[in-house]
There are 2 protein chains.
Amino acid sequence: MKLFDFEEERIKQELTKLSAKRVLIQLPEGLKPEAHRMAKLVEKTGALPIISADPCYGACDVATSEAEELGVDLIIHFGHAKMLKHEKVPTVYIEARSIVNVDGAVTHALSLLTKYSKIGLATTIQHVQTLDTVRESIVRAGKAVVIGDARRLNYPGQVMGCDFSNVKSIASEVEAFLFVGGGKFHAIGVALATSKPTVVADPYGNTAYSVDEEAQKILKQRWTSIQETANAKTVGILISLKPGQKRSEEALKIKETLEKMGKNVLVFALREIQPEMMLGFPTVEAYINTACPRISVDDASKFRKPMLTTNEFKVISGESTWENTIKEGLFEN
Amino acid sequence: MKLFDFEEERIKQELTKLSAKRVLIQLPEGLKPEAHRMAKLVEKTGALPIISADPCYGACDVATSEAEELGVDLIIHFGHAKMLKHEKVPTVYIEARSIVNVDGAVTHALSLLTKYSKIGLATTIQHVQTLDTVRESIVRAGKAVVIGDARRLNYPGQVMGCDFSNVKSIASEVEAFLFVGGGKFHAIGVALATSKPTVVADPYGNTAYSVDEEAQKILKQRWTSIQETANAKTVGILISLKPGQKRSEEALKIKETLEKMGKNVLVFALREIQPEMMLGFPTVEAYINTACPRISVDDASKFRKPMLTTNEFKVISGESTWENTIKEGLFEN
């Protein structure tokens, strides 16, 4: 069953337009099983397809240096909207909109939202095209709908793992949020960023559920991690080598602040932040992660040591309070 | 307990000579716990130390592009001898010789070598300085000793995961090999490359043991993998993005050969070849790995699909026989 629109005609057109000879295909984990089909599509135009087999979690992680090293003349990046202002290698973004019908899931979600009359809408890039019809369904149920647009992302109502500006911009106007999409991560992000009840309408499972309890649990875990990091003697700072996640200067500022607080600080650079990484550095008691904040929060249970986002670090440095950090967003850069 | 010589005085001298301001420290997995101490050593000279936290298995894997991306002016690479002819970023190699006494382990090994009167010696870079005294011990036991030097590696008797030329050069002159060092991987490589009985003298455990049974087991596994790959309809070819492991052109030649054989071929590029990688590509039945051959053989049990080295591929393509491939080396590039 085909679940996403891969815009195959546009891919063919772009390949012809650029007369691409060697093409790097990059897909996020969930879409990687489509790599085979996409490679064959590229091959039919006469170009050589190379599939990037490294993990990919966002448009911050376009395989530009890989493409340069491989002498590639076009990157086809699937599953995310353009984010980097300029790419060193021509890059086509195929957003991979879902073609799954969301109506059933939204109907289930409405039964969990009966208490509320003003609903904010949120979704990922895969489902932005459904928001108009979702809005209609909710209005038909007698509720008011607000879709935020803080003008930082490509589409109104869109959220990203590191950007919840659209939902934050309307949090004070609504009583609850409805998130359309699969997986809990983004929905929990909405709940944490807005402190509002949040219900997921999951079109893949054709179900709906609240993420409020889980969001509360994560808040408690994050507070514990902050305390543990505040008490750590040796702290590691992580710099990512991914093009849209490399924040060396911010890392060095954090180093200075930590040293003023009397901490022993080590700076690490790496491509993939994985749990095994920590095994090599037994003296480090806690980490500050300047890369994708999602790693700190979403994968927290897999890491043996606390790993704070840069916003959470501000609670330790005194630049912000816990309450303000929750308001500003635990995840956001 | 200090187990290795980190040449701390030389590190300080190199840092001063180059007036390095930002230094990338790279260590293989087993030495990573020393990263903290090395960072503090660098820091004392006034430079900023950044620790590479990605996996590192050889001098083929110097973090050059990482260093460029981080604006680093010196890489200190531990645990391996220089291998790349030219590095784009100044690189100091600290071989990290072991300072563990090997005498006890060699005595144990001699009791497993009583049947043989001509012994070949082999070791890794960490123990090359012990070979002269090991030779004396064996000579005192009334045996002849041969240490090979095929002039491809930095030291006589040295073996690397992808280069067993020194032991192959003397295989016909000796009855058995004594390998000095920890871990089974290199010793199994010696046994497979020479088809000679091979005993490990492990100075860390102060023990000795034969690896012959395990080498036979691996040979059988490799033969099975070759059969499975020969029967596969869809084959993936892996290109590494590590500077000393990137063999794009060889990968493309293999692609052509496989296509002539009627296979469906997909080409993949990646930095770390890890078992999870295969989950994304369910249609691929077998892989040809043009990167570090050690990954194919050492980690075979962790991968769900067969993954051949380029030498093993030659058995399928008809360029070589299984017997010749064993002689040429399963692991070698």
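Two strands count as paired if DSSP finds at least two bridges between them; strands (E, at least two residues) and helices (H or I, at least four) are DSSP runs numbered from the N terminus. This is a predicted model, in which local features need pLDDT of at least 70, side-chain atom pairs count only at pLDDT 80 or more, and totals for chains, interfaces and linings use all residues. Residues are numbered from 1 along each chain as its sequence is written, chains are lettered from A and ligands numbered from 1 in the order written, and side-chain values use heavy atoms, with hydrogens and water left out.

On that footing, eight strands line up in an open, parallel sheet, ordered S5(A)-S4(A)-S2(A)-S3(A)-S13(B)-S12(B)-S14(B)-S15(B). S5 (91–94) of chain A and S15 (307–309) of chain B sit at the edges with a single partner strand each, so one side of each has no neighbour in the sheet. On average, neighbouring strands are turned by 30 degrees against each other, direction ignored (axes are lines fitted to C-alpha atoms, for helices over the stretch in contact, and angles run from 0 to 180 degrees between N-to-C directions).

Within chain B, parallel strands S12 (234–240) and S14 (286–289) are joined by four bridges; B:Val235 has B:Ala286 of S14(B) as its bridge partner. Helix H8 (212–231) of chain B packs on the sheet, touching S12, S14 and S15 of chain B (contact means heavy atoms within 4.5 Å), and its direction makes about 105 degrees with that of S15(B). Helix H11 (310–317) of chain B also packs there, touching S14 and S15 of chain B at about 95 degrees to the direction of S15(B).
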